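Let's take a walk through this protein together, one piece at a time. Have the sequence and the 3D view ready, and we'll begin with a bit of vocabulary.

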Amino acid sequence: MNKVLVTGGFGFIGSHIVDTLIQKNYEVAIYDNLSTGSIGNVQAKVTPFFGNVEDEVLLEQAMDAFRPDYVIHQAAQVSVQKSISDMTNDARINIMGTINIAKLAHKYSVKKIVLASSAAVYGNSDVLPITLSHVPSPLSPYGASKKTAEDYLKLAKELYDVNYVNLRYSNVYGPRQTANGEGGVISIFTNTVINKERPFIYGDGNQTRDFIYVKDVADANVRALEYEGSGTFNISSMTSTSINQLFTIIQSFGSHLISPIYKPEKNGDIRESLLCNKATIQELGWEPVHSLETGLASTYEFYFNQQHHSLPATVLDSPSHRLKPTTLSS
Ligand SMILES: NC(=O)c1ccc[n+]([C@@H]2O[C@H](COP(=O)([O-])OP(=O)(O)OC[C@H]3O[C@@H](n4cnc5c(N)ncnc54)[C@H](O)[C@@H]3O)[C@@H](O)[C@H]2O)c1
């Protein structure tokens, strides 16, 4: 049975990757510091390790104990705003964390690293959809740190022959997402509709985004592991949806008609964002299978159930079993 270490596996996207890996009979370990992730996101049997990815010593203890065949690297500082207010911390986690992964992957003969990168590496583009030939020009330290992390993996391939796949995600959404991440607008809209509150829309709401359902992203990660080569790919639905259209769909799941409150556009907000996924479909044999409507309906159902049922806490969730982030355990 092939072994996969998922960094950030207790987070939103990482936990769905863990679910897909378990379904496909991989043996899974998670390395996470629980800064934004939650143990309750993972119900499957996994080996947990707790630590920061920028802590090379703890990360090596986990690699040495688990000896993974593959590493799926999701752990990151994920907030664009925080990257602007603290560039150093963003770089420490996103760049140094990835360098640690690359060095240890070489030392422990890992077959491949799959990196969670982002559309943020591209910056603005006049030509849409953005293809892989668009020269990246990030607009934030977060975009720059993701681009640098990608570059280090390319170097690790050239210098140490460690295989890699960089996956540049568009706006990911789905169950377990918190409002903090890059694609948080859907979790915010969904919760306001459930609570019959009016959400804020910044600008006229005609700005567009390319939303991709988290289970499609999880599938792309597993296909990237199984892909023969190394390379960089966009992970997107290649469908433009305006913020107004998005709100209309989510609103249709609720019981009340709610009108959003329009606020001035946020500084630096990209008007249109659309990523080309043709090369990904061709090379990885991956294709998004969830439509926006079905993905949004499942997401609505998840938040609705979360708010209307007090689900029994799992043993791991209870405070006495909550492990400290700095404790290494397996
Ligand atoms: N959500 C999106 O729309 C989106 C878009 C593009 C790229 N991404 C990338 O996808 C990955 C997963 O993002 P997500 O949305 O699931 O976010 P998330 O915050 O839910 O997940 C991040 C996980 O990493 C862990 N983590 C954070 N810092 C860590 C550190 N220093 N050491 C160890 N663990 C750490 C967190 O506890 C969490 O479990 C990130 O790399 C993010 O940059 C996300």
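Two strands count as paired if DSSP finds at least two bridges between them. With that in hand, look at V4: its bridge partner in β2 is V28. That link belongs to a set of five bridges that join strand β1 (residues 3-7) to β2, and the two run parallel. Keep in mind as you look around that this is a predicted model.

Now step back for the overall picture. The protein chain has 10 helices and 13 strands. Its C-alpha atoms fill a box of roughly 55 × 50 × 40 Å, taken along the principal axes. How does the radius of gyration fit with a compact globule? For 330 residues, such a globule would come out near 20 Å, and the protein chain has 19 Å, which agrees. As for burial, 51% of the 330 residues count as buried.

Back to β2, which covers residues 27-32. Between β1 and β2 comes helix α1 (residues 12-23), and β1, α1 and β2 make a right-handed β-α-β unit. β2 also pairs with strand β3 (residues 47-50): four bridges join them, and they run parallel. Here I30 stands opposite P48 in β3. Is β2 largely enclosed or left open? Five of its six residues are buried, so β2 is largely enclosed by the rest of the structure.

Next, find strand β6, residues 163-169. Seven of its seven residues are buried, so β6 too is largely enclosed by the rest of the structure. The side chains split into two sets: N163, V165, L167 and Y169 point one way from β6, while Y164, N166 and R168 point the other way. Whichever way they point, all of them are buried.

Which strands pair with β6? One is β5 (residues 112-118), which pairs with β6 in the parallel sense over seven bridges. Among the residues to look for there is S118, which stands opposite Y169 in β6. Helix α5 (residues 141-160) belongs to this part as well, since β5, α5 and β6 make a right-handed β-α-β unit.

Another partner is strand β11 (residues 231-235), joined to β6 by five bridges and running parallel to β6. In β11, G231 is the bridge partner of V165. G231 has 10% relative accessibility, and because buried means under 20%, G231 counts as buried. To get a feel for distances, pick out F66: G231 and F66 are 165 residues apart in sequence and 26 Å apart in space, C-alpha to C-alpha.

Finally, turn to the ligand. There are 31 residues around the ligand, and D32, T36, Q74, Y142 and K146 come nearest. D32 also has a polar contact to look at: an N or O atom in the side chain of D32 is 2.6 Å from an oxygen atom of the ligand. At F12, a polar backbone atom is 2.9 Å from an oxygen atom of the ligand. E54 meets a nitrogen atom of the ligand instead, with an N or O atom in the E54 side chain 2.9 Å away. How much of the ligand does the protein bury? Taken alone, the ligand exposes 820 Å², and the protein buries 97% of that.

Note on methods:
Residues are numbered from 1 along each chain as its sequence is written. This is a predicted model: local features need pLDDT of at least 70, side-chain atom pairs count only at pLDDT 80 or more; totals for chains, interfaces and linings use all residues. Side-chain values use heavy atoms; hydrogens and water are left out. Buried means under 20% relative accessible area, exposed over 50%, partly exposed in between (1.4 Å probe, protein chains only). A crossover is right-handed if, with the strands pointing away from the viewer, the path from the first strand over the helix to the second runs clockwise. A residue is near a molecule or strand if one of its heavy atoms lies within 4 Å of it. A polar contact is a pair of N or O atoms within 3.5 Å; within protein, one must be able to donate a hydrogen and the other to accept it, and residues adjacent in sequence count only if both atoms are side-chain atoms. Accessible areas come from the Shrake-Rupley method with a 1.4 Å probe; for residues, only the protein chains shown count as cover. The radius of gyration is taken over C-alpha atoms; the globule rule is 2.2 Å times the number of residues to the power 0.38.
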